[in-house]
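Hi,

Here is the structure I promised to pass on. Have a look at it first, and then read my notes underneath.

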There are 2 protein chains.
Amino acid sequence: MSIPIRIAITGYGNLGRGAEAAISQSPDLELVAVVTRRDPATVTPANPETPVVHLDDVADLQVLVDVMLCCGGSKEDLPVQGPLLASMFNIVDSYDTHARIPEYFASVDAPARDNNTTAVISTGWDPGLFSINRLIGEAILPEGATYSFWGRGLSQGHSDAVRRVDGVAAGVQYTNPTSDAVARARSGERPELTTREKHTRHCFVVLTDGADADEVEQAIVTMPDYFVDYDTTVTFIDADTLAAEHDAMPHGGVVIRSASTADCHDHTMQFSLELGHNPSFTAGVVVAYARAAHRMNQGGDFGAKTPFDVAPGLLSPRSPEDLRRDLL
Amino acid sequence: MSIPIRIAITGYGNLGRGAEAAISQSPDLELVAVVTRRDPATVTPANPETPVVHLDDVADLQVLVDVMLCCGGSKEDLPVQGPLLASMFNIVDSYDTHARIPEYFASVDAPARDNNTTAVISTGWDPGLFSINRLIGEAILPEGATYSFWGRGLSQGHSDAVRRVDGVAAGVQYTNPTSDAVARARSGERPELTTREKHTRHCFVVLTDGADADEVEQAIVTMPDYFVDYDTTVTFIDADTLAAEHDAMPHGGVVIRSASTADCHDHTMQFSLELGHNPSFTAGVVVAYARAAHRMNQGGDFGAKTPFDVAPGLLSPRSPEDLRRDLL
């Protein structure tokens, strides 16, 4: 094994802790610092010898770090931290606001090009592995239909939305793919599926004292953007049940390409994930892309990149010769 | 749409005809010639206006062709044609003798580097898409187990072996994944599975007049390398049944990665294919990699490559901006 690639993590939440765990399974990578906006004295990495540095002092790390993993959220953190950190480091992030990816890409591309860094954005599984499978399915089988289903999984954004409703003390939301819709997508009939047909939503809610259950339920199921276009079930539970049965963060889903070649043969491609803990798996993806960011930068490939720009072999710690011999 | 990429096909069997069909679904590609070892007058492409050229005259095509698709077989054709054609053209092939890939890679790499061409070898689905999924699974989730299952599918090599047995007039062989083994691989228990546990083989055989069914069955099920390590069923049928029920070439399979992150969460990744016609799908893959070969060559990336070296975006006719906006 050659000299390890030196990694730092900015943001020590679920994703940052997952990245730390993933690095511990990767002998070719070395965690050299955790970066935080909080008081560094209040942050204790799993390995307490890992230095914790305030974000204000992050420039001091430039000589020590090969790749910075940006583990903040897509809404508030990354739009600021991505461009800032890309001006100083090779970065990898899991920016996942699909509609704003072009804008975010441009905001990171400019500082990365100006400073000869490589910034791989929107890694993870969707965007990320699911995106790659959507692209490959369409490129190989141009005449057909692509379906993305998510779940059963805990949705952070929808859980947050539920918790903002008056009368809700706590709660979580699961997204469930509709088994009938998945079966039809797999069948080769290539149905057009509406939003309502594809997924259902299930909320588990703890009420505040004196809250009216009917009013809370109505406020949830009619909420624009989040719930009104879905069949939503609201189940009221107590706080103990919430803690006992809903503290995991499972997720997953499937991308299906159903298509016909010009010689009238039908084909189905599927890529599916069942994840015990969404942030842990996402962190595994981010960490694998750190190798790619480092190698692309060493090869002079600067600027913003996405998983579409990264050859699979760059994700592996193994040499091209070994990969061809053992995995091709 | 810019100027189409000019494609030629060497070898007009099942794979070559599939490539021709795939090109017809791709407005960014143009088929400019079919190359054959046979008398060109005996070969009629689906579009009869496509020129047919003898392999001896293939050098004449150099100024007309951007990428040559090598659609010959891995046993006899590609070891000769791959290095020859890579000395003159960017090439894509589906070389699939796993054990000899390093040797074949080297044999193509040298002429490609000497002549500034780009040669993408071993595309298709295994090697190819399955290989990519084995690599990505291991890179993202380093501590776990990977399983590849094939079938239900018609195996050309095993069908040929059956047909070489004395007393066999005709026949086909299907490879079937064992449902119990697939279920265990998916379950997270991470079993060690033997060859016999993973797949069964089913032969449908038409006997020659007067052949002894028991002797033929014994000769098949005890055949070294091909059948002795498997539970093999031999079913005797007549020629009409063979023609009516076994003329399709379905195939498929699944790659499963079952693994745990260091924070003790379990995850399962799966990539599966159900193919109505194996050569048609493989041809779709080969044709998509033609775009990559052309683009990598234009970018000065010469020599032999495999699917591990090709960024997914290079497979698509769409621009990076469109892909980021629509598929990421």
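Below is what I found, starting inside chain A and ending at the contact between the chains.

One thing to keep in mind throughout: this is a predicted model.

**Two domains in chain A**

Chain A splits into domain 1, made of 5-126 + 279-321, and domain 2, which covers 129-275. So you can place them on screen: the C-alpha centres of domain 1 of chain A and domain 2 of chain A are 28 Å apart. Where they meet, domain 1 of chain A puts in 11 residues and domain 2 of chain A puts in 12 residues. Together the two domains of chain A bury about 1000 Å², with 71% of that on carbon and sulfur atoms.

Which three residues should you click on for the domain 1 side? A:W125, A:D126 and A:F308 supply 59% of the area that domain 1 of chain A buries against domain 2 of chain A, more than any other three residues.

The polar side of this contact is quick to list. Between domain 1 of chain A and domain 2 of chain A there is one salt bridge. A:R134 and A:D126 pair through their side chains in a salt bridge, at 2.8 Å from N to O. Five residue pairs are in polar contact across the interface of these two domains of chain A. On the domain 1 side, helix α10 (residues 278-298) of chain A gives the most, with four residues. By class, that side of domain 1 of chain A has seven nonpolar residues, three polar and one charged.

If you flip to chain B, the salt bridge between B:R134 and B:D126 is there too, at 2.8 Å from N to O. Both B:R134 and B:D126 are buried.

**A buried aspartate**

Next, zoom in on A:D66, in the loop between β3 (52-54) and β4 (67-70) of chain A. Its relative accessible area is 14%, so A:D66 counts as buried. What does the side chain of A:D66 reach at 2.8 Å? The partner is the backbone nitrogen of A:R6. Leaving out residues up to four places away in sequence, A:D66 touches A:P4, A:I5, A:R6, A:N90 and A:H294.

**Salt bridges that join distant parts of chain A**

Over all chains, the structure holds 30 salt bridges. As a reminder, side chains of opposite charge can pair when their charged atoms come close. Two examples in chain A are worth a look.

The first is A:R291 with A:D28, whose closest N and O atoms are 2.6 Å apart. A:R291 sits in helix α10 of chain A and A:D28 in the loop between α1 and β2 (29-36) of chain A, so this pair ties together parts 263 residues apart in sequence. Are these two residues buried or exposed? A:R291 is buried, at 2% relative accessibility, and A:D28 is buried at 7%.

The second is A:D266 with A:R190, a side-chain salt bridge at 3.6 Å from N to O. This one also links distant parts of the chain: A:D266 is in strand β13 of chain A, A:R190 is in the loop between α6 (179-187) and α7 (195-198) of chain A, and they are 76 residues apart. Here A:D266 is partly exposed at 46% relative accessibility, and A:R190 is partly exposed at 25%.

**Where chain A meets chain B**

Now zoom out to the contact between the chains. Chain A brings 65 residues to it and chain B brings 64 residues. The area buried between chain A and chain B is about 5500 Å², and carbon and sulfur atoms give 64% of it. In chain A, the residues that lose the most area to chain B are A:Q25, A:R324 and A:L328, which together make up 15% of what that side buries.

How many salt bridges cross the interface of chain A and chain B? There are two. One pairs the side chains of A:E138 and B:R318, at 2.9 Å from N to O. Across this interface, 26 residue pairs are in polar contact. The elements giving two or more residues to the chain A side are α1 (14-24), α3 (101-114), α4 (129-140), β13 (266-275), α10 and α11 (320-326) of chain A. That side has 30 nonpolar, 23 polar and 12 charged residues.

To finish, select A:E138, B:R318, B:D322, B:R325 and B:D326 together: they are linked in a network of salt bridges.

Cheers

How values were computed:
Residues numbered from 1 in each chain as written. Chains lettered and ligands numbered in written order. Predicted model: local features only at pLDDT ≥ 70, side-chain atom pairs only at ≥ 80, totals over all residues. Heavy atoms only, no water. Domains from an automatic or database assignment. Contact = heavy atoms within 4.5 Å. Buried area = accessible area lost by both parts, 1.4 Å probe. Salt bridge = Lys/Arg side-chain N within 4 Å of Asp/Glu carboxyl O. Polar contact = N/O pair within 3.5 Å; in protein donor to acceptor, adjacent residues only side chain to side chain. Nonpolar A, V, L, I, M, F, W, Y, C, P; charged D, E, K, R; others polar. Buried < 20%, exposed > 50% of the residue type's maximum accessible area, 1.4 Å probe, protein only.
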